[in-house]
Amino acid sequence: MLKTDLQIAREATLLPIEEIAETLGLEDEDLELYGKYKAKLSLQVLKKFKEKKDGKLILVTAITPTPAGEGKSTVTVGLGQAFNRMKRKAIVALREPSLGPVMGVKGGATGGGYSQVLPMEDINLHFTGDIHAITTANNTLCALIDNHIHQGNALNIDPKRILFKRCLDINDRALREIIIGVGSKTNGVMRMDGFNITVASEIMAILCLATSIQDLKERIGNIVVGYTYDDRVVKVKDLKVEGAIAMLLKDAIKPNLVQTIEHTPAIIHGGPFANIAHGCNSLLATKMALKLSDYTITEAGFGADLGAEKFFDIKCRVGGLKPDAVVIVATIRALKMHGGLPKDRLQEANVDALLKGVENLEKHIGTVQAFGLPYVVAINRFVHDTKEELDALLHWGNRHGHPIELCEVWAKGGEGGIALAKRLLEILEQQQSAFQPLYELDLSLEEKIERIATVVYGADGVEFTNEAKKDLLRFKQEGWDRLPVCMAKTQNSLSDNPSLIGRPRHFTITVRELRISNGAGFVVALTGTMLTMPGLPKEPAALKMDVDEDLNVYGLF
């Protein structure tokens with residue numbers, strides 16, 4: 001019987017985090033310890049190593065996700081371990097898990113098998129408190145907005161046009177639309193409000209794109225909280241509370257250092273969703289990793305149509321990053337689902353369904369090529385994959401000139417990623433990155449959205465609802481049309497219809513609303529039925545979780 005991820009993690013021997021830091025050239029003064037195996041990295045690390053040349057930047061992305069699982073984080077961790085087994089100095093840079101998916105569907109998000117970041121229980125639950133700090137900062141701002149209105153409303157804010165919502169780091173559909181201030185006048189002004197999940201909060205996006213505490217403060221000041229009765233924009237800096245909000249994030253802005261099961265250094269920081277936010281770990285974490293290692297291996301959420309596109313068009317643009325190569329993760333199981341095979345039949349060998357589902361992989365390869373980047377396809381092997389299916393996929397890749405390698409890091413740890421690491425090193429030596437964003441900022445919002453939809457999703461075009469058309473006019477008037485675009489779209493399909501799996505064709509993307517994230521520095525375009533506060537499934541993962549009298553956690557996976 002296969003061991004669970006939690007069992008494997010508990011059997012691992014961790015090194016004191018100071019020893020992991022020492023391998024990176026860090027000293028005690030660079031660390032703030034959170035117990036034996038976790039530490040915050042001082043922001044002074046970037047200044048200390050500013051003269052050191054950046055290492056190579058490798059992004060791990062994937063095909064369109066399915067319930068069968070792809071294992072993108074597992075491959076990211078395993079690849080980092082493989083590099084270090086080969087005596088190549090590598091760091092893994094990941095996002096922090098949100099409690100929403102942990103308690104809902106995923107059960108955890110720290111890799112799997114023998115390619116995990118540890119301590120997995122801590123990372124999957126409260127970790128070093130970053131997401132709680134973001135939740136608190138977000139909701140403090142909300143309280144200050146409502147208090148300002150209650151105490152006389154000197155800024156003339158229209159309570160019906162407040163844009164900034166409260167947040168909570170759990171899936172809770174009941175909080176999508178609420179009424180606050182109910183009761184007597186002492187309870188504040190009654191108005192409609194709602195919650196986002198914390199990882200969709202603009203504060204989370206800002207933390208992950210800020211380059212310093214001063215930049216963080218300025219970005220918070222630029223958050224648009226709403227409009228006045230006479231239609232003027234109100235920003236946080238008008239309330240004069242950006243310093244207080246930034247103060248609540250003074251520890252959360254520092255990246256977190258942990259280790260993998262094979263003691264490869266891992267920096268885990270920030271966690272915006274990729275379907276409703278920009279889906280990348282913090283810029284500070286990535287920049288530190290680039291200075292401290294020769295190879296930084298990072299991941300972006302969901303498929304290349306979401307996390308990778310935003311990594312390239314938002315994060316790389318803001319941070320001046322130039323990625324060197326991309327790993328595209330695919331599994332036999334997921335490709336068979338994209339080929340039309342039901343989930344309950346995935347253990348069956350079915351080469352026809354596999355080769356039909358390869359169309360999805362091809363589209364994601366095309367997206368990476370559109371950004372001018374070298375790539376390698378990683379087949380993340382699962383237990384029930386047959387030799388016939390693996391051979392068919394490898395043959396398909398070789399026949400079409402796609403670099404492709406089998407990856408067995410779940411079962412074998414870094415050893416199972418050696419072939420992938422070697423192929424990636426060959427590609428890095430032979431091919432230069434010609435990276436460039438998909439669009440220029442001086443294009444209109446309509447043009448940027450259409451370019452993403454047609455080039456990345458494969459859509460025929462874009463339709464804007466009447467509400468979205470009004471938003472386009474307003475955003476142009478305010479000068480927000482020169483910002484990058486963050487598409488909020490289902491992760492389950494290349495289209496905005498989650499039921500269209502595989503490689504849908506002849507479809508149109510519908511943009512129903514635009515939202516301004518002025519502090520983060522992008523415009524959010526909501527497509528289809530995307531919601532910024534998810535709900536829990538009928539049988540949430542929380543049903544199988546528990547803790548015993550010795551404080552041992554059970555049910556995380």
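Here are a few friendly notes on the packing, the aromatic pairs and one pocket of this predicted model.

1. **The main core.** A good place to start is the largest nonpolar core, which has 69 residues. Those touching the most other members are L26, L141, L216, I220, I223 and L249. Among the elements, helix α7 (residues 130-150) gives the most to this core, contributing eight residues. As general background, nonpolar side chains in soluble globular proteins tend to be buried together.

2. **A second core.** Do look beyond that core as well: apart from it lies another, of 64 residues. Its members include L59, I404, A453 and F507.

3. **Helix α9.** Two of the core residues listed above, L216 and I220, belong to the buried set of helix α9 (residues 213-221), together with D215, R219 and G221. What do these buried residues pack against? Their partners are α8, β13 (233-235), α10 (236-239), α11 (242-247) and α13 (304-319). For I220, leaving aside neighbours within four places in sequence, the contacts are I206, V236, E242, I245, A246 and L249.

4. **Aromatic pairs around F312.** The model has six aromatic pairs. In one of them, the ring centres of F312 and F371 are 4.6 Å apart with the planes at 45°, so this pair is tilted. The two residues are 59 apart in the chain, with F312 in helix α13 and F371 in the loop between α15 (351-370) and β18 (375-380). F312 has a relative accessible area of 1% and is therefore buried, the cut-off being under 20%. F371, at 0%, also counts as buried.

5. **F312 again, with F435.** F312 also pairs with F435; here the centres lie 5.6 Å apart and the planes stand at 50°, so this pair is tilted too. F435 sits in the loop between α18 (418-430) and α19 (445-457), 123 residues from F312. Both F312 and F435 are buried. Ring pairs join F311, F312, F371 and F435 into a cluster, which is worth displaying as a group.

6. **The second largest pocket.** This pocket holds about 700 Å³ of space. It is lined by 27 residues, and the closest to its centre are L163, E513, L514, R515 and I516. Which elements give two or more residues to the lining? They are α8 (202-209), β12 (224-228), α20 (466-478), β22 (508-517) and β23 (522-527). By class, the lining has 13 nonpolar, five polar and nine charged residues. Helix α8 thus appears in two of these notes: it lines this pocket, and the buried residues of α9 pack against it.

Definitions and conventions:
Residues are numbered from 1 along each chain as its sequence is written. This is a predicted model: local features need pLDDT of at least 70, side-chain atom pairs count only at pLDDT 80 or more; totals for chains, interfaces and linings use all residues. Side-chain values use heavy atoms; hydrogens and water are left out. On a 1 Å grid over the protein atoms alone, a cavity is a set of points where a 1.4 Å probe fits but cannot get out, and a pocket is an open set with protein on both sides within 12 Å along at least five of seven lines; lining residues have an atom within 4 Å of a point. Grid points are joined across faces, edges and corners, and a volume is the space filled by probe spheres set on the points. Helices (H or I, at least four residues) and strands (E, at least two) are DSSP runs, numbered from the N terminus. Ala, Val, Leu, Ile, Met, Phe, Trp, Tyr, Cys and Pro count as nonpolar, Asp, Glu, Lys and Arg as charged, and the others, Gly among them, as polar. A nonpolar core is a set of buried Ala, Val, Leu, Ile, Met, Phe, Trp, Tyr and Cys residues joined through side-chain atoms within 4.5 Å. Buried means under 20% relative accessible area, exposed over 50%, partly exposed in between (1.4 Å probe, protein chains only). Contact means heavy atoms within 4.5 Å. Rings of Phe, Tyr and Trp (its six-membered ring) pair if their centres lie within 6.5 Å; planes under 30 degrees apart count as stacked, over 60 as edge-to-face and the rest as tilted.
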